[in-house]
Structure formats: C-alpha cells, structure tokens
Amino acid sequence: MLFDLDGVIVDSRALVAAALSDVATNVLGRRPDRRAVAELIHLPPVQALGILGLTDPVGAFDDGFDLAYAAHAANAALVPGIVRAMRRLRMNGMRQAVVTLQRRHRIALLGLGAVTTLMDTFVTFEDAKPKPAPDPVLAALFRLNVPPHEAWFVGDTVTDIVAGHAAGVRVAGAAWGYSSAEVLEQAGADVVLTDPAQIEAVALEQAIVTVGYAGSASGNAVPPGTTSVSSGARGNRDRTTRDGHGGAAS
C-alpha cells in the first residue's frame, strides 16, 4: 500500500496556508486575504504565490518558503484514524510506503510519530522525477518488491491519480484531503474513500458497503461513477511543482 503524505496522512492545510501567507506578506508588504490563500493551498506553492500577485514567485519561494514552513510546522496534524489503518495493514503483513513531493528536510519537521516506523520506505522529491510522472510510484514499488498490479496508492489529488495509473497501480481517492470526492471521481480514482478506516477493506479486497446509493459493492473496490464509499462503511517534478509540498501536488 502506497500513501501520499500531505492531505492523506498529514492535515497540512493550515500549515501551507500560513507559509504561503508569510512569504506573500514579506514580498508584497501586506498580508493577503485569508480566503484567497485558502483557495490556493491545493496548488504547488510557486503557482499559488504567482496568483497572489508576486512577480517573482520562484525567487520568493526559494528565499522564504522553507523558513515559513518550519515556523508553522506545528500547525500540521496527523489525520485521525490514519495510524490505526496503517497498523491494521501491517498486522496483515502488508508492506507500506509514502510517495510524496515533499523534500526530506521538510518531512523531518512534521510530527509523523508512528508513521515513520510503520512505513517501509519514503520516496521523496529528491528520489525520482516528481508526480504526475509515474517514477516515484515505481521507485516505491521497486523498494517494496511489489508488482504494480498488486498495489494500491491512496492519494488525494488529480496528480496522485495520474501518477498512480501511469505506474499501473490502482488508486484510492482520499476525500478527506485536498480534493473533494467529486473531483477524485472525475479524475478517475478506482474507488473514493471518505474515512481512513476504509483503507483496510480496499487493501484486502473486501466488500465495501455503499450507503446512499442503489446497489452494493462486490468483493472488489467499486469504481466511481457507479457507487462510492460512504463514511464509516466497510465490508461487513518539473519546476511547476517546485520543490514539493505543493498542496495538491503532494
């Protein structure tokens, strides 16, 4: 099982918003509107800074993003239930990896706790051509010695879905992250989850009971467009991504 980091494992929205706001304020001499920043956190930071009005967003990112990120790292928190889901997978003998656009030095600032010991490996920005290229997903599979057709990738963005499918793995969209269930379905996620507790059912190919839709799931994950997974139900980089995090590109 492969996991994206930002949005899937770590709720970093407040962190990213604060870091973007600080960088923009230092350059513009005024603090940008909070609502405007909140609408941009799903984008790569350089792109978001450009939209906020910075004439040299690359330079501003290079000069200030890491410092701002470190200053607000405490605003990030593990997604409730994600560690328990990972422990359940480990109990079932499954190998696990994180595939992220984050740089390693930023990951060290996050309070990942048990996640670091539950993962077999971390594939970061430094390790492979970044998503949406399939390279980091393939690198993780190589390290785990798992063929693509046996793997799932839990991601929360269109970038994750594109990278996963290009690598030949199935992708479970995490609707608790940076993108809505509708966006994940439209992007082609093989199944859309609304709670980390549902990850085990997908990984073990168990039936997923669908609430609020006609019909129910079979023994395999249900493709979006027909049904989707309801909360709590279970089988009863090129320069555009600029050094990672990247909100939606994480």
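**Group meeting talk: loops, sheet and cores**

Let me start with Asn 145, which sits in the loop between α8 and β6. Before I go on, please keep in mind that this is a predicted model.

What is the phi of Asn 145 near? The value is near 60°, so positive, and Asn 145 is a residue other than glycine. Outside glycine, most residues have a negative phi. As for solvent, Asn 145 counts as exposed because its relative accessible area is 63%, and the cut-off for exposed is over 50%.

There is a second backbone point, in another loop. Pro 132 lies between β5 and α8, the helix that covers 135-144. The peptide bond that leads from Lys 131 into Pro 132 is cis, and its omega is near 20°. In general, most peptide bonds are trans.

Now the whole chain. The protein chain has 250 residues, and buried residues make up 54% of them. In secondary structure, the count is 11 helices and 8 strands. The chain exposes about 10500 Å², with 52% of that area supplied by carbon and sulfur atoms.

Next, the sheet. In what order do its strands run? The order is β5-β4-β1-β6-β7-β8, which makes an open sheet of 6 strands with parallel pairing. At the edges are β5, residues 121-123, and β8, residues 191-193; each of these pairs on one side only.

I will take one pair from that sheet in detail. Strands β6 (residues 152-155) and β7 run parallel and are joined by 4 bridges. One of the bridge partners in β7 is Ala 172, which goes with Val 154. Gly 155 has Gly 173 as its partner in β7. Strand β7 itself spans residues 170-174 and is mostly covered, with 4 of its 5 residues buried.

On to the interior. The largest nonpolar core holds 53 residues, and the ones with the most contacts inside it are Phe 3, Ile 9 and Ile 199. Helix α1, residues 13-28, gives the largest share of this core, 6 residues. A second core, separate from that one, has 20 residues, and Leu 2, Phe 153, Ala 189 and Val 192 are among them.

What does Ile 199 contact, if neighbours within four places in sequence are left aside? The list is Met 1, Phe 3, Ile 82, Ala 85, Leu 89, Trp 176 and Leu 193.

The last item is helix α9, residues 158-167. I have picked out two of its residues, Val 158 and Ala 167. Is Ala 167 buried or exposed? Ala 167 is buried, because its relative accessible area of 8% is under the 20% limit. Not counting residues up to four places away in sequence, Ala 167 touches Pro 134, Val 137, Leu 138 and Pro 148. Of these, Pro 148 is 19 residues from Ala 167 along the chain, while the two C-alpha atoms are separated by 6.9 Å.

Val 158 is partly exposed, with a relative accessible area of 40%. Together with Val 162 and Val 183, Val 158 makes a nonpolar surface patch of about 200 Å². Val 158 meets the area condition for a patch because its 40% is over the required 30%.

To recap helix α9: Ala 167 is buried, whereas Val 158 is partly exposed and belongs to the surface patch. That is the end of my part.

Technical notes. Residues are numbered from 1 along each chain as its sequence is written. This is a predicted model: local features need pLDDT of at least 70, side-chain atom pairs count only at pLDDT 80 or more; totals for chains, interfaces and linings use all residues. Side-chain values use heavy atoms; hydrogens and water are left out. Patches are made of residues with over 30% relative accessible area and no salt bridge: like charges are joined within 9 Å, nonpolar side chains (Val, Leu, Ile, Met, Phe, Trp, Tyr) within 5 Å. Accessible areas come from the Shrake-Rupley method with a 1.4 Å probe; for residues, only the protein chains shown count as cover. A salt bridge is a side-chain nitrogen of Lys or Arg within 4 Å of a carboxyl oxygen of Asp or Glu. Buried means under 20% relative accessible area, exposed over 50%, partly exposed in between (1.4 Å probe, protein chains only). A nonpolar core is a set of buried Ala, Val, Leu, Ile, Met, Phe, Trp, Tyr and Cys residues joined through side-chain atoms within 4.5 Å. Contact means heavy atoms within 4.5 Å. Two strands pair if DSSP finds at least two bridges between them.
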